[in-house]
Amino acid sequence: MSETNETFTSGSSTEQQTARSRRSLYRERLDRYVLTPLRVIWNDWRTRLGTLIILFYILVGTVGVHYISEPQIGGPRLAGIFEAPGYPLGTNNLGEGLMSSLVHATPPMLKMITAGAVFATGIAVALGTVSGYKGGRVDTVLSTLIDIAMTVPGLPLIILLVVTFQPTNPFVIGIVLSINSWAGLARNIRSQVLELRDNSYIEASRIMGRSTGGIVYDDILPNIMPFVLISFVNTARAVIFGSVGLYYLGILQTPENNWGIMLNNAYSAGGALYSWDSLYWIVLPMATIVLLSFGLVLFSQGTERLFNPRIRARHAETIDETSPMEE
Amino acid sequence: MSETDHVVSLDDVRVHFEPESGLFARDDDVVKAVDGISLDIGENDVVALVGESGCGKSTLGKTAIGTQRPTEGSVSYRGQDIWEARDGDSDAEIPYETIRRSLQIIHQDPGASLNPNKTVLHSLMVPLKLTEPDLNTFDRRDRVHEMLSRVGMEPPKDYANRYPHQLSGGERQRVALIRALLMNPDLIFADEAVSALDVSLRIDMMDLMLELQDQFNTSFLFVSHNLSNASYITGKADGRIGVMYLGELVELGPIDEVIQNPQHPYTKALMWAAPNLNPDAAEDTTGTPLRKIDVPDPRNPPAGCRFHTRCPNAREACKQTPPETDVDADGDHKVACYRAIDDHEYWDSPELSD
Amino acid sequence: MQAETKHKFDVDDPIFEVRNASVTFDMERGESKVMDSIDIDVDRGEILGVVGESGSGKSMFASALLDAVPKPGVLSGEIQYYPEDGEPVDLLDQSESEIKEIRWEEISMVFQGAMSSFNPTMTIGDHFEETLQAHGRDISEGMEYADELLSELYLEADQVLGSYPHELSGGMKQRALLALSLLLEPEVLVMDEPTAALDLLMQRSIIELIRDIGEERDLTIVFITHDLPLVANLADRIGVLYAFEFVEVGPAYDILTDSKHPYTRALLNSTPNLDTPREEMRPIEGKSPDPVNVPAGCSYHPRCPLSDENCVQNDPPFQSDDGDTDHQAKCHYIEQTRREIPLNLQEVEYSE
């Protein structure tokens, strides 16, 4: 095939050209949507550390559970850290290894967090954007709904639901725990969308006749994403603490292991708050909880950068570095 | 000339904004942004609208492209009433979707007219996806690159991959122009499109708009508060200029006619105000010809001729009834002023003094 | 560097002598010089128009005259201020409190976008009182003077003083701001795009008001704008900024009819104007430079039709071509510009 100049004729490209352009298109897409966000995340120590921590937990919860056996009664009792062979993090009063307990409590916790955060944030975004963008009657109806949900007291409702329905499925528990947090988020998102709606480029999209869905996805969502991600992380943390609290109090019951239950056991059966010997028993689950929460917070602190076009442009390789003077 | 020859026809359009209803709103808080304007825009036409802020020119522009619903009167696209089509009148000859695409906009602020989170390429693919859904991605890209080259943004591939913050104001406006043109519109409402650009870039932008107008068969409705800009673009296109004051069209005609032979006292005042580069010609260094500097509250426009409170030639007769738009001999230079009529009672009534 | 001569621009009674003033910012991508060794004099009682497009450094120049360059910018050089009576003062040498006294009492400023610099929770009258208080002036006397100023600007003093900023139109706010800047009877008024967001008629009216007030009170006015026609009939002298330095300075009439720098001439040719024949208008090719990356030699050479090797290598000195030291331009080929770059406006004149 003869070498053809890359003239901008639409329609007819040689096969070679198409293959070349397709490869460069994929390369570009890969760079833009995968590599650049990764670079941005890696660039800031907070997001880097936060991501690593979260990944660690995910790893433990998915792969780790296969390598570390479930906790079994019968091992050496109340062994401290590194005291008993095969039980690096010690054991509780029943001889169950603490490391195994912690590890095996992770998957349900992750499921709860994901379910809760996705649920609350998803509903908040959906209702908030529709309400804020559409305005008029739709807005009035949805806003009233949101207001009612906001006034219902959260904690009593959760406790009521838990006690009545006794859920055991971690996904369900996650949703129940965040049953009320979507309302405040929705309200916030709605006010942000209200502000955005009057932007010139959104008006231009409307004038072009774009569908509402297209406009919301392309023009509105990217602007509220930093807030959405932060809300997501906050809900996740609320679920962690909520579940741990309720398990600790015994309101939530589960046959499975849970960090909250471990705390409870450490306190009641081990007297861990009163003696130095069993201190490790309460500290370890606490540390686990705090570390995950910390990881989430660190990650969320940097999320704003992910959606900042100036930072994305700097880290993308397929984008020209030159920019005119900042005005 | 039948109605369908006109791309957009505005017929006695009124746009009134009600204040938020509340405990303290009163009837006289209604802002009559546009109060009885008729205007026809033809194929490949250029019409400029000039006036001070608050005169309603932006509102009129938005009404003309079907984004602002008129309170009274009608706005039609090629004979089809736009809002009837929109409201789902199944008799509509031209579907609303088609109308919506044919009427586009270029905003004033280049910093806000593009989505800051998307690259230029992405923003320009949007109109292409709407107007030519059958093109594949590569062909669409080629079209975008072609347009970028044509407006002087070389190499196009580099510019296509940039985000708006990596472009200068002039470049952003050019992208906004491309975006509007890729919709293949019949009318583009340029809302102060060059006012935010540096003075030396304005000619460039206006020349570009005219160049592409021919190739895309588009009309322009060019709204500006700057008379020199309006004069440049309409002059080169042999277009018309309309002068607006407090929601009304006080003068309308071919650009050179109006500039050389302004009939309405307000138009004359605008010409006095237009800064002049020629220091010899600026002999008229007297103060403002108007009796008052400030524009009256649009919620409460003066009775009779709305301009009478500031007009240097106002007389008693002007306070009574508003003058009808009068047409001159050639039929294309219209003015709404009693002074245009030789035997009106205006000439006999006493001058206003305050 | 140019030789340090007093009255370098043939100015009779300088109120400002700016020498070698620069403003630099340290940016990630390099050192950004947004004002480049500027030398200029301002005559007492004159109206100096400073014209520059966006990205020319004009707002920085305004800030520099008040030693109010935003951090982390660093202002260096010498800015001598000669008050009516008293010793000359080097503005850059002053302490924070000394400079604060000078600002607003001697040198007052009207910023760009000043209309949003009113505090929305205070009435206009509150702003005036606050200013008087901050400078230790008598309130009742000061407010009486404010009433006077406001009526001179065709504002109803009672109504305006009692209103909140959002209740006033743009034109009214701008005039109120003007009154505020004159409240302490300064010697100098520095204005940065004071009419930018205003309509044609209001703009022109305010320009007239500025001229009248300036004359009455013997003010020195530095009027900074990107809109050359705006100052065409207001300024006594005009200085043209390009790439963070002055490229031409001279009497307004000369600059408009007989400018010597290629950029000034190109700017005149590209400015839409009712009188100029449209076919003669020419845009300027190219872009203004990035402050981190100003071309070596003459900063305008990439866009100049007259440029050659000399221009690329050597920064031209400020000079005049006919010994007329009041009109100078920074160009090697100052003699040829008239011939090489015809002014489209002149063609109109010459043909009459």
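Modeller: Helices (H or I, at least four residues) and strands (E, at least two) are DSSP runs, numbered from the N terminus. The model is predicted: local features need pLDDT of at least 70, side-chain atom pairs count only at pLDDT 80 or more, and totals for chains, interfaces and linings use all residues. Residues are numbered from 1 along each chain as its sequence is written, while chains are lettered from A and ligands numbered from 1 in the order in which they are written.

Biologist: How many helices and strands has chain B?

Modeller: The C-alpha atoms of chain B fill a box of roughly 70 × 60 × 50 Å along the principal axes. The secondary structure within chain B amounts to twelve helices and twelve strands.

Biologist: What is the radius of gyration of chain B, set against a compact globule?

Modeller: The radius is taken over C-alpha atoms, and the globule rule is 2.2 Å times the number of residues to the power 0.38. For 354 residues a compact globule would come near 20 Å. Chain B agrees with that, its radius of gyration being 22 Å.

Biologist: What percentage of the residues in chain B is buried?

Modeller: A residue is buried if 20 or more other C-beta atoms, placed from the backbone, lie within 10 Å of its own (exposed if 12 or fewer, partly exposed in between). Chain B has 354 residues, and the buried ones make up 54%.

Biologist: Which percentage of the contacts in chain B with a separation of 6 or more joins residues 24 or more positions apart?

Modeller: Two residues are in contact if their C-beta atoms, placed from the backbone, lie within 7 Å. Of the chain B contacts with a separation of 6 or more, the share from residues 24 or more positions apart is 66%.

Biologist: How many residues of chain C count as buried, as a percentage?

Modeller: Chain C holds 13 helices and twelve strands, and its C-alpha trace spans about 65 × 50 × 40 Å along the principal axes. Its radius of gyration, 21 Å, agrees with the value near 20 Å for a compact globule of 352 residues. Counting contacts between residues at least 6 apart in sequence, 66% join residues at least 24 apart. The buried part of the 352 residues is 48%.

Biologist: Which element gives the largest share of the side of chain B that touches chain C?

Modeller: The contact involves 35 residues of chain B and 39 residues of chain C. On the chain B side, α8, α9 and α11 (265-273) each supply at least two residues. The largest share, seven residues, comes from α9(B).

Biologist: What covers the buried residues of α8(B)?

Modeller: Helix α8 of chain B (residues 199-216) has buried residues including B:Val199, B:Leu201, B:Ile203, B:Met205 and B:Met209. From chain C, the cover includes α8 (228-232) and α10 (262-269). From chain B it includes α7 (169-181), β8 (219-224) and α9 (227-237).

Biologist: Which residue just after α8(B) takes a positive phi?

Modeller: The 18 residues of α8(B) reach 26 Å from first C-alpha to last, close to the 26 Å expected at 1.5 Å times one less than the number of residues. Just after the helix comes a positive phi of about 55°, at B:Asn217.

Biologist: Why is α3(A) described as largely enclosed?

Modeller: Helix α3 of chain A (residues 98-134) has 37 residues, which should span 54 Å, and its end C-alpha atoms, 53 Å apart, agree with this. The helix is followed by A:Gly135, with a positive phi near 70°. It is largely enclosed by the rest of the structure because its buried residues number 27 of the 37.

Biologist: Which residues of β7(B) point one way, and which the other way?

Modeller: In a regular strand the side chains alternate between the two faces of the sheet. Strand β7 of chain B (residues 187-191) is mostly covered, with five of its five residues buried. One way point B:Leu187, B:Phe189 and B:Asp191; the other way point B:Ile188 and B:Ala190.

Biologist: Which residue stands opposite B:Asp191 in β8(B)?

Modeller: Strands pair if DSSP finds at least two bridges between them. Strand β6 of chain B (residues 103-106) runs parallel to β7(B) with four bridges, and B:Leu103 has B:Leu187 as its bridge partner. Five bridges join β7(B) and β8(B), also in the parallel sense. Opposite B:Asp191 in β8(B) is B:Val223.

Biologist: Which are the edge strands of the open sheet of four strands in chain B?

Modeller: The strand order is β2-β1-β4-β5, with antiparallel pairing. Between β4 (residues 72-77) and β5 of chain B there are two bridges, and B:Tyr77 stands opposite B:Gln80. Pairing on one side only, the edge strands of this sheet are β2 (31-41) and β5 (80-81) of chain B.
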